[in-house]
Amino acid sequence: MIPVKTIEWIGGLDGVARLIDQTLLPNELRYLDVRDVETMWEAIKMLRVRGAPAIGIAAAMGMVLAVRDCAPTCRDDFCAAVDRAAAYLNSARPTAVNLSWATRRMQSLVVNHLALPIEDVKRLMLAEARTMVDEDNTVCQAIGRLGEPLICDGDSWLTHCNAGGLATAQWGTATAPIYMAHAAGKRVHVFADETRPLLQGARLTAWELQQVGVPVTVITDNMAAMVMAQRKVQGVIVGTDRVAANGDFANKIGTLGVAILAKEFGIPFYVAAPTSSIDMQLASGDSIPIEERRPEEVSEGFGRRTAPPGIRIYNPAFDVTPHRYVTAIITERGIVRPPFGEGLRALFERSPSSRW
Ligand code: MRU
């Protein structure tokens, strides 16, 4: 796991949400203390905090920030403020289901404790947000334990974007099996796709693997086919922002191409997915909302113009990979293999804490 915490709450109800400002990495490791919900919304929107599980935690903390100072005269006013905060935070980014999963969980908590004094409900909200951090660590470690045996000594695995500690509280989903294999003494090397346009692979995955001492090589996205053709890759593992009930999944733009390549070259392709990222309400990936971001991220990334002024740009932040390209989905409750519809349903039926 990375030796720093991506996001945590410091202090009591009057404290701050402290997060790493990931827009500054790898040049600077700087923490941002967030004191109000508007700053949290901006941090999520601008990818200061990013990655599906981390933005879920950030949203839960944002809910606390939104209501901690409100002195409602009645419970209805308090509930309305909670609902407004949830809708506002949900509007920051549409694709990762963890965001609305977290805000809905906070709303349910409030509704279930309305008999208590409102100050107590606020304290419970903070405790819940902190619990989400602990749960995230437990979940990622379970994914790590289940995924670790898939990695052989001497393997090179490829990953796309950052589904690492920086995308969660500390361990990462896709990186957890790699961290555990490394800790177990296996020699494992990672190819990190650069991940255009915002370079989460080069800036973030490479940074955190380097912190832990896992050997890593950055390649530009268009080099993935070459390294696979050269038989340099034994496995691919990525994270996800949302898995549909049939196993289709959304992840950072470019993931679909990597999955198609892996199938062509006969390389196993794994999706690391906490159950909080599985949306059993959606029958297939066709209905996953895909965030579209500002054209400047493509034409003027990192302050330098790389396309002519006035040129038309298309900038979807995620793509959807059909389940036929997926070898297995590694969740904290078990590894699901095809047929995914049955396997995912069984996963939730087995657990009474199902969210659907
Ligand atoms: O736009 P980002 O950086 O938030 O995209 C992140 C990803 O696509 C991750 O792979 C995904 O959220 C899973 S994080 C465990």
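The exercises below work through strands, helix packing and buried residues in a predicted model.

Residues are numbered from 1 along each chain as its sequence is written. In this predicted model local features need pLDDT of at least 70, side-chain atom pairs count only at pLDDT 80 or more, and totals for chains, interfaces and linings use all residues, while side-chain values use heavy atoms, with hydrogens and water left out.

**Exercise 1. The three-stranded sheet**

Task: State the strand order of the open sheet of 3 strands, and find its edge strands.

Solution.
- Step 1. Helices (H or I, at least four residues) and strands (E, at least two) are DSSP runs, numbered from the N terminus.
- Step 2. Two strands pair if DSSP finds at least two bridges between them.
- Step 3. The order is S1-S2-S3, and the pairing is antiparallel.
- Step 4. Strand S1 (7-10) and strand S3 (31-34) are the edges, as each pairs on one side only.
- Step 5. From one strand to the next the twist averages 25°.
- Step 6. S1 is joined to strand S2 (residues 16-20) by 4 bridges in the antiparallel sense. Opposite Ile10 stands Val16 in S2.

**Exercise 2. Two partners of helix H2**

Task: Describe how H2 packs against H5, then how H2 packs against H3.

Solution.
- Step 1. Two packed helices are described by the angle between their axes and the distance between the axes. Axes are lines fitted to C-alpha atoms, for helices over the stretch in contact, and angles run from 0 to 180 degrees between N-to-C directions.
- Step 2. For helix H2 (residues 52-67) and helix H5 (residues 118-147), the angle is about 170° and the axes are 9 Å apart. H2 and H5 are therefore roughly antiparallel to each other. The cut-offs are under 35 degrees for roughly parallel, over 145 for roughly antiparallel, 65 to 115 for roughly perpendicular, and oblique for the rest.
- Step 3. H2 and H5 cross in the left-handed sense. A crossing is left-handed if the near helix is turned anticlockwise from the far one by less than a right angle, and right-handed if clockwise.
- Step 4. H2 brings Pro53, Ile57, Ala60, Met61, Met63, Val64 and Val67 to the contact, and H5 brings Lys122, Met125, Leu126, Ala129, Met132, Val133 and Asp136. Contact means heavy atoms within 4.5 Å.
- Step 5. Sorted by class, the contact of H2 with H5 has 12 nonpolar, no polar and 2 charged residues. Ala, Val, Leu, Ile, Met, Phe, Trp, Tyr, Cys and Pro count as nonpolar, Asp, Glu, Lys and Arg as charged, and the others, Gly among them, as polar.
- Step 6. H2 and helix H3 (residues 75-90) pack at about 140°, with axes 9 Å apart. That angle makes H2 oblique to H3.
- Step 7. The crossing of H2 and H3 is right-handed. Here Ala59, Gly62, Met63, Ala66 and Val67 of H2 meet Phe78, Ala81, Val82, Ala85, Ala86 and Leu89 of H3. By class there are 10 nonpolar, 1 polar and no charged residues in the contact of H2 with H3.

**Exercise 3. Strand S7 and its neighbours**

Task: Determine whether the faces of S7 are covered, and name the bridge partners of Val236 in S4 and S10.

Solution.
- Step 1. Buried means under 20% relative accessible area, exposed over 50%, and partly exposed in between (1.4 Å probe, protein chains only).
- Step 2. Strand S7 (residues 235-238) is covered on both faces: Gly235 and Ile237 are buried on one side, Val236 and Val238 on the other.
- Step 3. S7 pairs in the parallel sense with strand S4 (residues 156-159) over 2 bridges, and Leu158 has Val236 as its bridge partner.
- Step 4. S7 also runs parallel to strand S10 (residues 269-272), joined by 3 bridges. Phe269 in S10 is the bridge partner of Val236.

**Exercise 4. Helix H6 and Ala176**

Task: Find how many residues of H6 are buried, and place Ala176 among its contacts.

Solution.
- Step 1. In helix H6 (residues 175-183), 7 of the 9 residues are buried. They are Thr175, Ala176, Pro177, Ile178, Tyr179, Met180 and Ala181.
- Step 2. These buried residues pack against H5, strand S5 (189-193), helix H7 (200-212) and S7.
- Step 3. Ala176 lies in H6 and has a relative accessible area of 0%.
- Step 4. Neighbours within four places in sequence aside, Ala176 is in contact with Cys140, Gly144 and Trp171.
- Step 5. Just after H6, Gly185 has a positive phi of about 95°.
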